[in-house]
Each structure stands twice: as structure tokens, then as C-alpha cells.
Amino acid sequence: MTTSITSTCACGSFNLKVDFPNSTLPIDRGLCLCDSCRRLTGSVGISYIIVPSTQPIDITKFKLTSYETTDRVTRFFCQKCGCHVLVLVSHNQSWHLATGPWDRTEGIINWTGCKWVKDTLDGGVSVWLRDIVGPDGTKKPLQRWMSQDWNGGELVPDHIPLNVLPEEKNATTDPAKLEAQCHCGGVKFYITRPTEDSKKVRSPFPDLMVPYHSHASDNPNNETWWLRDNDTKYLAGTCTCKSCRTSSGFEIQPWAFIPKCNIRQEDGSPLDFNMGTLKRYMSSKDIWRESCRVCGATVFWHCKERPDLIDVSVGLLDPKQGARVEGWLDWWTGRVSFEEMAVSRSLVGALEEGLKKWGEERAVKEGKR
């Protein structure tokens with residue numbers, strides 16, 4: 001007996017059915033938070049599941065771009081929409097399938113926590129993924145591993161606060177410039193602090209703050225919702241919509257909302273969507289996504305409705321700032337954008353609950369409650 005899933009990228013060029021023997025299910029999996037994966041994808045946590053060896057994969061059937069990250073790992077992403085779909089590990093010729101584009105994960109994947117937490121410097125998304133509800137309805141704690149091994153590997157010590165680890169979190173960087181780049185370095189840019197021009201942007205509220213299905217996202221008073229902390233930081237949040245999942249390849253897409261005027265190319269010139277190795281994909285009418293055509297990293301999302309406010313993948317931001325980049329970003333904790341579209345309901349439920357608890361604890365600490 002087997003359980004089948006279908007993995008389909010945003011443009012539909014990649015469509016693969018995989019059968020998992022029921023005797024192997026559920027499969028334990030933790031999200032990888034390492035610097036390399038974050039810059040390869042733009043995400044804050046990625047996951048792949050090994051394809052049963054009884055199901056050989058013929059990649060010549062698909063239009064994929066390959067990118068070697070090490071001498072033993074080659075990643076593949078869709079040439080058109082940029083979705084990461086496969087990894088080939090050379091030493092044993094095993095194929096691993098990115099989990100974001102799956103049509104189902106419940107009962108197949110047992111989410112166990114986060115690995116490579118040490119790379120994040122501040123705990124990254126692991127500070128929000130605390131507990132998860134299992135298929136039997138009981139809640140269990142999610143684990144946090146310092147490095148890669150979740151089978152007996154080193155756990156993050158309980159006595160270390162996850163928002164201040166480790167010592168190099170406060171590495172010296174330019175306080176007026178937040179650098180960003182993809183894994184291959186073909187896309188490089190930086191973000192500047194908010195200015196008066198940042199307030200001139202016009203935009204409705206995002207689904208992150210006001211669910212689109214409520215039909216109440218208009219912003220008649222032109223509130224500058226993207227500016228936070230007395231206009232010194234930018235709003236950031238997480239999205240689990242189908243378009244993000246199937247364009248990136250992963251369950252959780254983190255976006256920072258940055259005015260176009262505050263995004264500069266490496267040489268200081270204004271943002272140009274033709275810079276470096278960027279390529280564009282129209283994911284819906286008047287909605288565009290940019291990714292790196294060499295390494296496949298998701299970089300930008302923007303649309304005709306709000307052309308002067310750009311969504312920037314948080315995973316590309318300077319890792320010395322900490323994965324959550326809280327010196328520049330203020331995370332929205334009230335909602336995960338388009339959580340109702342999530343396929344991995346238990347994982348996203350854990351994320352949303354953890355965000356709310358984290359926000360409440362932060363408010364108490366800051367004396368706001």
C-alpha cells in the first residue's frame with residue numbers, strides 16, 4: 001500500500017507524482033535554517049523529502065536549471081517560474097523533493113522542528129515554531145538543533161534565550177545600509193533606512209494585516225503601514241499562499257515590505273529589475289516575481305496595484321544581522337498571510353500560534369501590556 005502526492009510548480013512545467021510506501025510514513029523532517037539554504041531560496045526554513053529509490057526520476061522530462069551548491073549536492077529549479085523542486089545527492093544518487101509544491105503533506109511528513117539554528121544567530125523562525133498538534137490531536141514540542149543532525153544531534157540548550165544566540169549576533173555592520181544577496185552573488189542590493197520619501201508610497205493593506213477575503217483591505221487614510229517603530233524599521237511577515245509556495249518551493253515565504261526608493265543596487269543606483277542575474281515571472285495578471293536565474297533564489301514580489309512598495313525575500317538579508325533582522329524589521333504577529341491556503345496545516349498552525357505568543361511576550365517585555 002502506498003500514499004501518493006503530486007508536486008507541481010507555479011507555472012506547471014514541473015509536475016511529478018510520487019508514491020510513498022505506507023510502512024515508511026510519516027517521515028520525520030525538520031526545517032533547515034542554515035545560511036546557505038536561506039540565500040539559495042530567500043526563505044527562512046526549507047525542507048526536502050527523499051524520493052523512494054524504486055521511483056527513478058528522469059529530469060530530462062522537465063525544463064529545469066541545475067545549480068551545484070557543493071561537490072556532492074546539485075539543486076534543480078524551474079527555468080520559468082523559479083520554483084525549487086529537486087536536489088540530487090551525488091554520493092548515493094538519491095533524489096530529494098522540495099515539499100512546498102506538494103498537494104498534501106499531512107500524514108506524510110512529521111514535522112519535528114528546526115536544524116542549523118546556530119547559523120541564524122537569533123533563532124530565526126525556530127522561536128515561533130514551539131509546539132505542533134499531531135494527527136491524534138495532541139500537542140507536542142518542536143525541537144531545535146544547533147546544526148544538521150536531528151538524530152541525536154546537539155539541541156539548543158534550554159538556558160540560552162533563542163533571541164540572543166550566539167555572541168556574534170551584534171556583529172559590526174553599517175547601521176545605514178542593510179546588504180542583501182542571493183547564494184551565487186548574481187543579485188546584490190542594499191536597503192536604506194526609511195526617509196520622508198518612504199512615506200509618500202500608497203498601498204492598500206496586505207493580506208498579512210487584513211485578510212483579502214474580508215474585502216476590507218482598502219487604505220482610505222493612506223496609512224504608512226509598512227513603516228514601524230517610529231518610522232525607523234519596515235514591516236515583515238510570513239506568507240503561505242499557493243503562489244508563494246509553488247514559486248519558491250517551500251512552505252513559508254518571508255517578506256519585508258520595502259519602498260522602492262529605499263532599495264539600491266550594489267553601486268548605489270536605483271532599483272532596476274534587470275540588474276544582475278534577475279529574471280521575471282508573471283505569477284498572476286499584473287503581479288510579478290523576480291528570482292535569480294543562476295541559483296534560483298526568490299528575490300522580489302511586486303504588482304501594478306502598489307508599484308512603489310516591493311516585497312523583499314528576508315532570507316537574502318545580511319546573515320550577520322540575525323535571520324530575523326530585527327534591527328531593521330518589525331514582524332507582524334497577528335496572522336500568517338493566506339494561512340487558509342496552506343497545505344501543511346499543522347506546521348502553519350504552529351507558526352501562527354507561535355507568532356502570536358511571541359508577540360504577546362514581546363509586548364509584555366516592552367511594557368505595552
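The paragraphs below go through selected residues of this predicted model, taking loops, backbone geometry, burial and surface charge in turn.

Toward the beginning of the numbering, the loop between strand S2 (15–21) and strand S3 (27–32) holds Pro26. The peptide bond that joins Leu25 to Pro26 is cis, with an omega of about -10 degrees.

Lys199 belongs to another loop, the one between strand S14 (188–192) and strand S15 (227–228). Its relative accessible area is 30%. Because partly exposed covers the range between under 20% and over 50%, Lys199 is assigned to that class. In sequence, Lys199 is separated from Ile310 by 111 residues; in space, their C-alpha atoms are 14 Å apart.

Helix H3 spans residues 242–248 and includes Thr246. A polar atom of the Thr246 side chain lies 2.7 Å from the backbone oxygen of Lys242. That distance falls within the 3.5 Å limit for a polar contact between N or O atoms. Thr246 has a relative accessibility of 6%, and it therefore counts as buried, the cut-off being under 20%.

Asp267 offers a contrasting environment, in the loop between strand S18 (263–265) and strand S19 (278–284). With a relative accessible area of 64%, Asp267 is exposed, because that class begins over 50%. Which residues gather with Asp267 in a patch of negative charge on the surface? They are Asp174, Glu179 and Glu266. Membership in such a patch requires over 30% relative accessible area and no salt bridge, and the 64% of Asp267 satisfies the area requirement.

Two further loop residues have a positive phi without being glycine. One of them is Val325, with phi near 50 degrees. Val325 sits in the loop between strand S22 (309–313) and strand S23 (329–331). Is this residue, Val325, buried or exposed? Val325 counts as buried, because its relative accessibility is 1% and the cut-off is under 20%.

The other is Phe338, whose phi is about 55 degrees, again a positive value in a residue that is not a glycine. Phe338 is placed in the loop between S23 and helix H4 (345–365). Strand S23 thus borders both loops, that of Val325 and that of Phe338. Phe338 has a relative accessible area of 18%, and this value is under 20%, so Phe338 is classed as buried.

How values were computed:
Residues are numbered from 1 along each chain as its sequence is written. This is a predicted model: local features need pLDDT of at least 70, side-chain atom pairs count only at pLDDT 80 or more; totals for chains, interfaces and linings use all residues. Side-chain values use heavy atoms; hydrogens and water are left out. Patches are made of residues with over 30% relative accessible area and no salt bridge: like charges are joined within 9 Å, nonpolar side chains (Val, Leu, Ile, Met, Phe, Trp, Tyr) within 5 Å. Accessible areas come from the Shrake-Rupley method with a 1.4 Å probe; for residues, only the protein chains shown count as cover. A salt bridge is a side-chain nitrogen of Lys or Arg within 4 Å of a carboxyl oxygen of Asp or Glu. Lys and Arg count as positive and Asp and Glu as negative; His and the chain ends are not counted. The place of a charge is taken as NZ of Lys, CZ of Arg, CG of Asp or CD of Glu. Helices (H or I, at least four residues) and strands (E, at least two) are DSSP runs, numbered from the N terminus. Buried means under 20% relative accessible area, exposed over 50%, partly exposed in between (1.4 Å probe, protein chains only). A polar contact is a pair of N or O atoms within 3.5 Å; within protein, one must be able to donate a hydrogen and the other to accept it, and residues adjacent in sequence count only if both atoms are side-chain atoms.
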